[in-house]
Amino acid sequence: MPIIIHEIYIEAPIQRCFDLARNVDIHTQTTASTGEKAVAGKTSGHLEHGDEVTWEAVHFGIRQQLTAKIIHMEPPHQFVDIMVKGAFHSFKHTHEFVEQGTGTIMRDHFEYKSPLGVLGRLADLLFLKSYMTRFLILRAKELKVLAEHTVDRKYIE
């Protein structure tokens with residue numbers, strides 16, 4: 001089962017980072033490269049424990065839908081989502097936030113299992129793990145910019 005871990009330092013308070021990371025509207029903004037949008041479940045505002053959201057996006061030239069559920073919420077330090085339905089066999093994405101100095105370390109811990117057995121494992125090796133790593137890094141960089149420059153309270157309240 002591939003595991004991707006990415007950390008980024010954000011010069012912003014932990015609560016702001018936590019709130020931006022679980023905001024559906026901000027998620028859409030920070031994944032614009034794939035045209036990701038919420039189409040069912042919680043489609044705007046902050047995700048809370050028990051919420052489900054169905055995302056629609058284009059990956060590898062194919063429009064896909066994926067439903068995720070928030071299974072753990074520990075404000076402002078952690079939330080965890082899992083795939084309920086979608087292209088992966090399964091995934092678990094842990095979002096962690098740790099105060100450091102005047103800022104926050106944001107850590108993504110993403111573990112997934114590809115479908116299709118041996119073919120899925122081959123896809124992991126050839127392209128999927130690197131694709132998912134780039135996707136997570138790009139989103140983290142976008143969140144960093146927003147957190148360090150956001151003064152719009154609607155995204156963090």
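# Exercises on a predicted model

α1 is a mostly covered helix, with six of its eight residues buried (under 20% relative accessible area; exposed is over 50%, partly exposed in between, using a 1.4 Å probe and protein chains only). Helices (H or I, at least four residues) and strands (E, at least two) are DSSP runs, numbered from the N terminus.

A word on the ground rules: this is a predicted model, where local features need pLDDT of at least 70, side-chain atom pairs count only at pLDDT 80 or more, and totals for chains, interfaces and linings use all residues. Residues are numbered from 1 along each chain as its sequence is written, and side-chain values use heavy atoms, with hydrogens and water left out.

**Exercise 1. Find the buried residues of α1, then see what α1 gives to the largest nonpolar core.**

Step 1: go along the helix and pick out Ile-14, Cys-17, Phe-18, Asp-19, Leu-20 and Ala-21, the buried residues of α1.

Step 2: turn to the core, meaning a set of buried Ala, Val, Leu, Ile, Met, Phe, Trp, Tyr and Cys residues joined through side-chain atoms within 4.5 Å. The largest one has 23 residues, and Ile-10, Phe-79, Phe-97 and Met-106 have the most contacts inside it. At least two residues each come from β1 (3–10), α1 (14–21), α2 (24–30), β3, β4 and α3. The biggest giver is α1, with five residues.

Step 3: look around Phe-79. Leaving aside residues up to four places away in sequence, its contacts (heavy atoms within 4.5 Å) include Phe-18 and Ala-21, and Phe-97 is also touched.

**Exercise 2. Describe the largest pocket: its volume and its lining.**

Step 1: get the terms straight. On a 1 Å grid over the protein atoms alone, a pocket is an open set of points with protein on both sides within 12 Å along at least five of seven lines, while a cavity is a set where a 1.4 Å probe fits but cannot get out; lining residues have an atom within 4 Å of a point. Points are joined across faces, edges and corners, and a volume is the space filled by probe spheres set on them.

Step 2: the largest pocket holds about 780 Å³ of space. Its lining has 39 residues, and those nearest the centre are His-59, Leu-66, Phe-88, Phe-91 and Met-132.

Step 3: ask who supplies the lining. α3 gives the most, with ten residues.

**Exercise 3. Do the same for the largest cavity.**

Step 1: its volume is about 60 Å³.

Step 2: list the lining: Ala-21, His-93, His-95, Met-106, Asp-108, Leu-136, Arg-139, Ala-140 and Leu-143. The elements giving two or more residues are β6, β7 (103–113) and α3. Here α3 has the largest share, four residues.

**Exercise 4. Find the backbone oddities at Phe-60 and Pro-76.**

Step 1: recall the usual pattern. Most residues other than glycine have a negative phi, and most peptide bonds are trans.

Step 2: check Phe-60, where phi is near 55°, a positive value in a residue other than glycine. Phe-60 sits in the loop between β3 (52–59) and β4, and is partly exposed, with a relative accessible area of 45%.

Step 3: check Pro-76. A cis peptide bond joins Pro-75 and Pro-76, with omega about -10°. Pro-76 belongs to the loop between β4 (62–74) and β5 (78–85).
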